[in-house]
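Hello,

Here is the structure I promised to pass on to you. Have a look at it first, and then read my notes below.

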Amino acid sequence: MQDTNIPKVYDPQSFEKKWYEFWEQNKLFHAEVEKGKKPYSIVIPPPNVTGQLHMGHAMDNTLQDILIRFRRMQGYNTLWMPGCDHAGIATQAKVDAALREEGTSRYEIGREKFIERAWAWKEKFGSRIMYQLRSLGSSCDWDRERFTMDEGCSKAVREVFVSLYKEGLIYQGTRITNWCPQCNTALSDIEVEHENEMGHLYHIRYQVKDTDQYVEIATTRPETMFGDTGVAVHPDDIRYKALVGKTLILPIVGRQIPVFADSYVDPQFGTGAVKVTPAHDPNDFDMGQRHGLEQILIMDNDGTMAENTGKYAGMDRYECRRKLIEELREKGFLLSIEEHEHAVGHCSRCGTTVEPMVSKQWFVKMQSLAEPAIEAVKSGKIKFVPERFTRIYCNWLENIRDWCISRQLWWGHQIPAWYCEECGATIVSREDAVICPKCGSHNLKRDEDVLDTWFSSALWPFETMGWPEQTAELRQFYPTSVLVTGYDIIFFWVARMVMMGLKFGKDIPFKHVFIHGLVRDSQGRKMSKSLGNGIDPVDVIEKYGADTLRFMLITGNTPGNDMRFYWERVESARNFANKLWNASRFMLMNLEGFDADFVPAEADYTLADKWILSRYAHTVQNVTQNLEDFELGEAARSIYEFIWNELCDWYIELSKARLYDKENSTARKVAQYVLGYVLEHTLRLLHPFMPFITEEIWQHIPHDGKSIMLSPWPDNESSKLDIDSEKVMTAIMDAIKAIRNIRAQVNAVPGKKSEVILHFSDAGLIGEFEKNQSYLTTLAAAEPVTIWRNSADKPGNAMTAVVDGVEIYLPMAGLIDVQKETARLNKEIEHLNKEIERLSKKLSNRGFLAKAPAEIVEKEREKQKGYTEKKNAVEERLSYLADL
RNA sequence: GGGGUAUUAGCUCAGGGGGAGAGCGCUUGAUUCACAUUCAAGAGGUCGGUGGUUCGAAACCACCAUGCCCUACCA
């Protein structure tokens with residue numbers, strides 16, 4: 001027999017760790033390839049190796065765990081692949097900072113030593129987040145844990161790089177890219193965050209050579225003028241027609257630059273004349289290409305002015321801007337300064353203003369990769385949930401530009417390219433190159449750059465399953481079933497995985513993309529370190545338990561939408577856990593004599609039994625359907641309502657009489673059976689959401705099997721649906737609520753019973769009410785209960801209420817406050833009149849009668865009948881009161 | 001400039017073509033007998049505005065307002 005003595009209060013700390021260890025040690029999360037078994041697989045969005053769990057992770061992984069546990073119980077061969085990401089820039093920044101503290105730097109210790117340090121850092125902090133995921137309850141297959149820089153992933157990355165290069169889809173080019181002077185590396189377009197900022201538009205005049213004429217140009221970044229190699233005007237701009245082809249003298253610098261026409265220029269903006277700096281602006285770069293202009297780099301990688309800027313050399317770019325404006329003003333070149341709002345790019349990692357600069361980088365040609373990725377989504381092979389993200393994804397891919405994949409970092413996958421120091425050849429190879437295939441030289445130098453971290457993440461769904469080997473894992477678990485992630489990385493990650501999956505995995509990487517929003521603070525702000533408004537999920541787990549955190553994170557929010565974090569909501573979830581705990585405690589306390597082999601005869605079921613079993617069956621349907629539709633919040637809410645509002649508030653209360661009555665063994669056994677059945681199966685429904693508490697309770701109550709996580713998902717419970725019993729029970733519940741209401745009105749003494757007289761307009765209910773009078777006694781203190789069969793001569797001196805099919809009278813000699821009661825009933829009449837009027841309008845509308853579905857019309861008629869009956873009864877009461 | 005999203009009770013949010021919902025908060029009452037992390041009763045809303053579709057709109061469509069988010073090379 002189980003231990004039937006459990007603590008009075010839900011205390012998650014006392015069992016969460018124990019059960020996680022039990023699951024993990026028994027390898028219950030582990031998936032083996034099994035031919036013929038339906039697979040269900042998810043790859044985790046790999047968290048940063050040096051990071052720690054934040055609320056976003058907690059939500060993301062809760063969602064995944066719910067889906068995985070649900071499918072596991074449904075009998076799928078379920079794999080949840082865990083792992084983490086090497087997070088190039090972030091990790092490198094941490095190691096850099098550590099070195100700085102030691103008074104050294106990566107340049108001092110050198111690349112090899114630095115990478116050793118980075119690995120040590122990874123080893124030291126890398127497992128932290130995996131432990132945190134465990135404390136959340138994540139049922140990952142830890143035997144398969146991967147890292148984006150482990151041997152297998154590195155092999156996959158190199159394979160992909162080399163084949164894309166051989167196909168001409170990876171190329172090296174000197175182009176304009178976004179440069180972060182702080183992180184000291186190139187960035188891809190999507191790693192730049194644009195923000196509107198107030199700046200200035202400086203109007204400067206450039207002299208036309210050999211004349212005293214000037215051209216007025218407008219710029220937001222005057223310091224780039226050191227790199228100007230032309231001025232552009234629109235070809236149709238009559239103001240400047242005569243100037244095209246002329247030469248200008250660049251102020252201060254004195255360089256001669258041409259005026260040329262290009263239709264990129266907007267004559268309406270500024271002065272209609274644009275200074276062109278091909279090495280420091282993407283548009284100018286394009287124009288420079290079209291018109292054969294020289295590119296002059298005037299800034300160094302750290303954002304200071306280059307040697308070729310004269311006295312400004314070495315000066316910070318903004319300092320230079322200020323000083324240069326002063327000089328221009330002094331020398332009469334500066335005409336005016338306007339306030340001007342414009343979008344400024346910032347490094348998404350460190351926030352520094354990004355500098356567009358020309359440099360030699362590696363790029364992926366995206367268009368041919370993007371097309372099938374668009375098709376896969378448009379054709380419905382991959383489905384976004386919610387669907388609206390489809391458009392966001394497609395729009396981005398339809399306008400995609402080439403992806404800059406080289407980063408000037410040391411921590412990451414080093415690019416497998418070598419340069420021959422003798423003949424200048426570039427060698428891209430799967431094996432480390434030692435000899436130049438062109439000239440035979442051994443004097444090769446490897447490219448120093450590493451790849452964008454997202455390049456390897458893009459391979460995650462198949463590289464973790466052993467690709468490029470054709471493994472059994474790939475055959476069984478690829479494509480994965482669903483990807484669960486936030487909308488903030490659709491471009492960074494989702495789109496790139498689809499492209500790489502289709503190209504190299506030979507199939508889509510996942511069938512569904514389940515997108516969720518962000519967890520914000522209680523004021524709706526993003527949680528961030530700088531604001532200090534972050535809430536550590538580990539703190540919540542320690543204080544309230546992982547189940548509570550999980551439940552809170554998935555209720556009261558809709559797929560794809562952001563949610564706010566409220567401690568009140570955490571408490572509410574904890575209260576629910578406590579409620580369930582105590583319902584179970586109640587069952588355990590009444591388990592004595594429980595017979596596991598006993599099955600009630602059909603006739604032994606009471607109304608309450610049939611009702612709760614039917615409600616349970618509805619709940620199974622709701623929860624299953626909602627989980628299949630990714631409506632996790634709705635599924636959880638459905639269980640919550642069932643457990644609290646139906647099982648606890650009604651069924652347990654009604655079962656007490658039978659459970660406490662040890663004389664009547666059959667009735668008691670039936671109640672034990674029903675309560676046991678419903679509770680045990682409801683625990684299974686709840687298990688994916690709250691794995692720990694359900695396991696703890698399940699292990700205490702009668703059960704079959706080793707762990708609730710292996711028990712089958714409740715299914716085929718439709719035979720328990722019993723609409724008739726639900727209807728009767730609803731009538732009884734309504735009557736109970738009405739009686740309670742009256743008793744509250746008259747301040748009835750809680751312990752004191754009230755006589756109740758019932759009169760039925762629906763005779764069909766009489767039998768059931770007669771049989772189940774005790775429900776009214778137990779839950780509404782109604783005693784004695786009399787059924788009044790005469791329609792005439794109804795009880796007079798009484799408080800009344802009317803519910804569907806039943807009139808209720810509580811004789812209250814001397815207790816009735818006639819004035820108050822009359823007012824109450826008048827209010828009721830007012831309400832009923834409004835409803836009746838609304839319905840008669842509807843029912844006299846020909847269009848409604850002709851076009852509305854017959855069942856709706858019938859329903860509305862019944863409603864009207866019900867309201868009219870109620871109104872009559874209330875009016876009768878009013879006239880009685882008036883006569884007093 | 002383009003797109004998305006939100007607008008429902010005091011607060012935070014679900015829902016959804018045919019009788020307005022939850023949690024928290026608030027008011028009143030209740031404590032041997034699963035749970036005060038509780039129970040019971042109650043107050044509180046012309047579902048942002050205007051049009052349209054429909055027999056019927058809070059829900060669907062269009063436009064508008066306000067907030068938030070994404071996106072875009074106007075120097």
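A word on classes before we start: Ala, Val, Leu, Ile, Met, Phe, Trp, Tyr, Cys and Pro count as nonpolar, Asp, Glu, Lys and Arg as charged, and the others, Gly among them, as polar. With that, the surface near RNA strand B (C-beta atom, placed from the backbone, within 6 Å of the strand) splits into 23 nonpolar, 20 polar and 20 charged residues.

This is a predicted model, where local features need pLDDT of at least 70, side-chain atom pairs count only at pLDDT 80 or more, and totals for chains, interfaces and linings use all residues. Residues are numbered from 1 along each chain as its sequence is written, while chains are lettered from A and ligands numbered from 1 in the order in which they are written.

Back to the RNA: among the 63 residues around strand B, those that come nearest are G270, N578, F586, G847 and F848. Helix 16 (residues 567–589) supplies the largest share of this surface, with 12 residues; helices here are DSSP runs of H or I, at least four residues, numbered from the N terminus.

Helix 16 also packs against helix 20 (residues 691–700), at an angle of about 5 degrees and with the axes 11 Å apart. The axes are lines fitted to C-alpha atoms over the stretch in contact, and angles run from 0 to 180 degrees between N-to-C directions. Helix 16 is therefore roughly parallel to helix 20, a term for angles under 35 degrees. On the helix 16 side, the contact (C-beta atoms, placed from the backbone, within 7 Å) uses A577, L580, W581, S584 and L588, and helix 20 brings I693, I697 and H700. This contact has 6 nonpolar, 2 polar and no charged residues.

Enjoy exploring!

Technical notes. Helix = DSSP H or I, 4+ residues; strand = E, 2+ residues; numbered from the N terminus. Parallel < 35°, antiparallel > 145°, perpendicular 65-115°, else oblique. Contact = placed C-beta atoms within 7 Å.
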